[in-house]
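Subject: Structure handover

Hi,

Here is the structure I said I would pass on to you. Have a look at it first, and my notes on what turned up follow below.

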Amino acid sequence: ESDLKVTNVDFLKSQNSVQHHTDAYETTSLVVRRGQAFLLQLTLSRALRASDKLALNFSIGERPMKPLGTLMSLNPRSTRDTGGWHITVAKSSGTECLLSVTSAADAPVGKYSLSVKTGSNVYKPENNTIYLLFNPWCETDIVFLSNEAERNEYVLNDTGYIYVGSVYSIHGRPWNFGQFEESILDTCMYLLDKSKLKMSSRRDPVIVSRAMSALVNSNDENGVLLGNWSGKYENGTSPMEWIGSVAILQQYYKTKKPVGFGQCWVFSGVLTTVMRCLGIPARSVSNFNSAHDTDENLRVDVYLNEKGEKLKWMSVDSVWNFHVWNDVWMKRKDLPSGFDGWQAIDSTPQEQSQGIFQCGPCPLKAIRDGEVYLPYDSKFVYAEVNGDKVYWLVKEENGSRKYVKLNVESQSIGANISTKAVGQNRREDITQQYKFPEGSPQERASMQKATSYLQPSGLVPRSGFGAMRTMSMGLDNVDGRAVVQEEVVPKSGVELAITNEKPLYPGEPIEVVVTVKSTAAGSWTVALTGSCQLQSYTGKVDASLGYINETVKLEGKSEVRVPLKIKPDAYMKALAAAEDEEHVHVTAIAEIQGTPEKLTKEAALSFEYPPIQVQMPETAKLNKDFTCAFIFKNKLNVPLDNCKLMVEGLGMFKMATFEEGDVQPGRIIKSEVICTPTRAGEKKIVAKLTSNQVKTISVEKAITITH
């Protein structure tokens, strides 16, 4: 009787990875998804007999043990239940034995090792690592997503857009998620280990996604990204310069130290990468006019001086032009029924939850219905997308301050919530998934329900961004209890509008018009004040540029246009000196004489830039080189100093940076890269130009790679 030995294990990588939608991962190991069969080909020293003992051992973690479900010993001849794992002999001829293995649909995700035991012999394949991921294709996995197009977008798409700008001027910033690139999967495995989650917790995408929201920021456990909103980025990379997650995660994996620097869209882009890499469907979500309120009173107070300038030192709450977080898709077995589907998670460090900077998962349905007691962090997310904006005028009178309530806006917070559309390069508005239509009876009911659960909990102001001592001024809702503010309806029929006459180009005059309009009969005298400031997306004021102070007379239905023109020398120095991407923020206050009525209006206007052109063929062949050229002409009438062009093509070439120096007006720069496509399908090339004056110009172009 010769001993049965295993002489080889073929992981049938190319066959299995196509079946498991993992063929894009750049790794030599087998990557499979849980709850789905994969094949292994064993070569034996002799033909398999009925009496032979054969077992495959799959183990995970430092101390694998059968009772904990971290060691599975699978015997094709035994019918004993092994924690939902199954093995069968698919085919056996001569010394070749084909086995089919199916892991449990709730198995812990991570890195497994395989060994094969025959009698007393143990065979360990040379590369015996198998990565096991969540499986949105499997009906019994709680991340199951039934729609094929959605799986292609939210799990398999390695490129996309993150929406930035301001509520009336939204633009998509191309972002390379790159979840299949070299060492990204290993970085995610490292983060799972670093999370110190019990192996049993790794079965659950609710716990895993919450842990990853904490690990993508560096605040508690030396996670991936250092947040920085100071406007000073010398000892790291400016958040404006990243074009994707790959360089960030690769640097983190190599150094095991936090990478500088991130702001909200960078945190969200990296978290989308980590989630998609692990197999949890995910999308980056942008909320415009996002409330960053320091308590739960659902009210953001904006204080203006008599010139119409925002008083930064007074406002504890702030409204960011936009904030970006993530949605992940899963069932919530831990909640009452009805809360499955999209859940919000956020890795930007803003407020501690259970002592750690983490946020979510929080069901979108809970936010929409006002069920803000449900875990995790639903009060926090609810306050970002709901709330009233209350404007106060601060007057200095005989050395003391007087606060005059100007007006209440109940519909501006949480607008145009955006993500990339499924299978298309366009923005999809998902506001209705977060809230009922403004002013609808359901919205009022939801607000009433939510406010019954909200009380300030004496939370510390959010981790020091704009954190100030709280102002208690004997204003209404003194005890901090949320009050549903009723919007003041103007009686006179006077309205304000702010527009820019022509596109804003750096180096050209900024021309803004404030229109005062009467929609009803009668004659009105209106005292109009206004200010124009350069601000970053978080509302940080970097420069004051100009003012309006006029008295306007209106007769009957009519309008008066009040222009404000700012010359280039008045703002170009400030624009170049700021390290953040600036926009022009205009605030106007109208006091209608002879009445107590006061109106306010705010607008954030974005600069426009000349484009980058990409020249390359429309199609290319796998493993055949082609050239891609990037051309930029400085059509502005100011030089762009310290220009840098960064380009990346996933599956074609590694990220490259070209230092272009100072680019004078009218000058054309051209850079080329040689691309070698290693993966078939539609691929994208992304380029980004940064300079002192213009922080970021992005472009992307698609190419189809065929066999």
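The chain splits into four domains: domain 1 covers 6-133, domain 2 covers 148-453, domain 3 covers 494-606 and domain 4 covers 612-705. Keep in mind that this is a predicted model. Between the C-alpha centres of domain 1 and domain 4 there are 44 Å.

**The annotated site**

I spent a good part of my time on this spot. UniProt, in an unreviewed entry, lists Cys264, His323 and Asp346 under "active site". These three span 83 residues in sequence, yet no pair of their C-alpha atoms is more than 9.9 Å apart, so they gather at one spot.

Take His323 to begin with. His323 sits in strand β17, which runs over residues 318-330. Its relative accessibility is 0%, so His323 counts as buried. Leaving out neighbours within four places in sequence, the contacts of His323 include both of the other listed residues, Cys264 and Asp346. Also among them are Val285, Ser286, Asn287, Ser290 and His292, plus Thr348, Gln350 and Glu384. With Asp346 there is a side-chain to side-chain polar contact of 2.8 Å.

Asp346 itself is placed in the loop between β18 (341-345) and β19 (362-363). Is Asp346 buried or exposed? At 2% relative accessibility, Asp346 counts as buried, because the cut-off for that is under 20%. Its side chain is well worth a click in your viewer. Besides the contact with His323, the Asp346 side chain reaches the backbone nitrogen of Thr348 at 2.9 Å. The side chain of Gln350 makes a polar contact with the side chain of Asp346 too, at 3.0 Å. Gln350 is in the loop between β18 and β19, and it is buried with a relative accessible area of 3%. Not counting residues up to four places away in sequence, Asp346 touches Ser213, His323, Val324, Trp325, Gln358, Cys359 and Glu384.

Glu384 thus turns up in the contacts of His323 and in those of Asp346. Glu384 is one of the buried residues of helix α8, along with Ser378, Phe380, Val381, Tyr382, Ala383 and Val385. The helix takes in residues 378-385 and is mostly covered, with 7 of its 8 residues buried. Just after α8 comes Gly387, with a positive phi of about 145°.

**Sheet and hairpin**

Which order do the strands of the open sheet follow? There are 4 strands, arranged as β1-β3-β7-β6 with antiparallel pairing. The edges are β1 (6-10) and β6 (86-93), each of which pairs on one side only. On average, neighbouring strands in this sheet are turned by 25° against each other, ignoring direction. Inside the sheet, β3 (residues 37-44) and β7 (residues 96-102) run antiparallel and are joined by 7 bridges. Ala37 has Thr102 in β7 as its bridge partner.

Further along the chain, β29 (residues 583-592) and β30 run antiparallel with 8 bridges between them. The two form a hairpin with 5 residues in between, and Gly594 in the turn takes a positive phi of about 80°. Glu591 stands opposite Lys598 in β30. Strand β30 (residues 598-605) is mostly covered, as 7 of its 8 residues are buried.

**Backbone geometry to check**

A few backbone angles that you may want to look at if you set up calculations:

- Gly260 to Phe261 is a cis peptide bond, with omega near 5°; Phe261 lies in strand β14 (residues 259-262).
- Gly360 to Pro361 is cis as well, with omega near 0°; Pro361 lies in the loop between β18 and β19, where Asp346 is placed too.
- Asn289 has a phi near 55°, a positive value in a residue other than glycine. It lies in strand β15 (residues 282-292) and is buried, with a relative accessible area of 16%.
- Asn642 is not a glycine either, and has a positive phi of about 60°. It is found in strand β34 (residues 640-649), and at 43% relative accessibility it counts as partly exposed.

Cheers

Definitions and conventions: Residues numbered from 1 in each chain as written. Predicted model: local features only at pLDDT ≥ 70, side-chain atom pairs only at ≥ 80, totals over all residues. Heavy atoms only, no water. Domains from an automatic or database assignment. Buried < 20%, exposed > 50% of the residue type's maximum accessible area, 1.4 Å probe, protein only. Pairing = 2+ DSSP bridges. UniProt positions renumbered as here; feature names shortened; annotations may be inferred. Contact = heavy atoms within 4.5 Å. Polar contact = N/O pair within 3.5 Å; in protein donor to acceptor, adjacent residues only side chain to side chain. Axes fitted to C-alpha atoms, helices over the stretch in contact; angles between N-to-C directions.
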